[in-house]
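Here is a friendly walk through one model, from charged pairs to the nonpolar interior. Have a look at the structure first, and then we can go through the contacts together.

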Amino acid sequence: MARKRNQPGAPNIRERILREVIGLIARHGADRVTHRLLASAMKMSPGTLTYHFKGRESLIEGAFDLYMSDYSRGLDEALAARPLTSFEEIARFLATMTSLGPEQAELATFECEMIANAQRDPKLK
């Protein structure tokens, strides 16, 4: 049986792995994310994960980098769609960007985990 290749525009395997890591960090905490937990969650062999990410640290760093890239892109898109022209608009925009509702609880948990992890890992500061 032939393997299915990623569809155009679909995330590559590294990105899919890192997106799963973000979710696992939010649900279990950064300290509990392992290749074995990730392999189980993705229904993939640990060897496949090790091929793409040699160690747990590279998974955590990669997830943080992906999150920051997504955040930066979202910020750029929001500002391009609606440029801010007054102090009040800037204040409102910042308040919106820094407040997370219940539907974003997993994202808030991930952010808190990464802040805590950055205190122990200078590469994430």
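## Exposure and the model

A residue counts as buried under 20% relative accessible area, as exposed over 50%, and as partly exposed in between. Please keep in mind that this is a predicted model. With those cut-offs, E20 is partly exposed because its relative accessible area is 23%.

## Salt bridges around R27

How many salt bridges does a search of the whole structure find? The search gives eight. In general, side chains of opposite charge can pair when their charged atoms come close.

R27 is a good place to start. Its side chain meets that of E20 in a salt bridge, at 3.4 Å from N to O. R27 also forms a salt bridge with E106, where the closest N and O atoms are 3.4 Å apart. E106 belongs to helix 6 (residues 105-120) and R27 to helix 1 (residues 13-28), so this pair ties together parts that are 79 residues apart in sequence. As for exposure, R27 is partly exposed at 47% relative accessibility, and E106 is partly exposed with a relative accessible area of 42%.

## A network with D70 and R73

Another salt bridge joins R73 and D70, with the closest N and O atoms 2.6 Å apart. The two residues are three apart in helix 4 (residues 56-81), so about one helical turn separates them. R73 has a relative accessible area of 42% and is partly exposed; D70, at 23%, is partly exposed too. Salt bridges with shared partners connect D70 and R73 with E15 and R19 in one network.

## The nonpolar core

In soluble globular proteins, nonpolar side chains tend to be buried together. Here, the largest nonpolar core has 23 residues, of which I17, V21, I25, L38 and F110 touch the most other members. Helix 1, helix 2 (35-42), helix 4 and helix 6 each give two or more residues to this core. Which helix gives the most to the core? That is helix 1, with seven residues.

## F110 and the aromatic cluster

Let us finish with F110. Leaving aside residues up to four places away in sequence, F110 touches I22, I25, A26, A63, F64 and Y67.

Aromatic contacts come up here as well. A search of the whole structure finds two aromatic pairs, and ring pairs link F110 with Y67 and Y71 in a cluster. F110 thus appears both in this cluster and among the core residues that touch the most other members.

Definitions and conventions. Residues are numbered from 1 along each chain as its sequence is written. This is a predicted model: local features need pLDDT of at least 70, side-chain atom pairs count only at pLDDT 80 or more; totals for chains, interfaces and linings use all residues. Side-chain values use heavy atoms; hydrogens and water are left out. Rings of Phe, Tyr and Trp (its six-membered ring) pair if their centres lie within 6.5 Å; planes under 30 degrees apart count as stacked, over 60 as edge-to-face and the rest as tilted. A salt bridge is a side-chain nitrogen of Lys or Arg within 4 Å of a carboxyl oxygen of Asp or Glu. Buried means under 20% relative accessible area, exposed over 50%, partly exposed in between (1.4 Å probe, protein chains only). Helices (H or I, at least four residues) and strands (E, at least two) are DSSP runs, numbered from the N terminus. A nonpolar core is a set of buried Ala, Val, Leu, Ile, Met, Phe, Trp, Tyr and Cys residues joined through side-chain atoms within 4.5 Å. Contact means heavy atoms within 4.5 Å.
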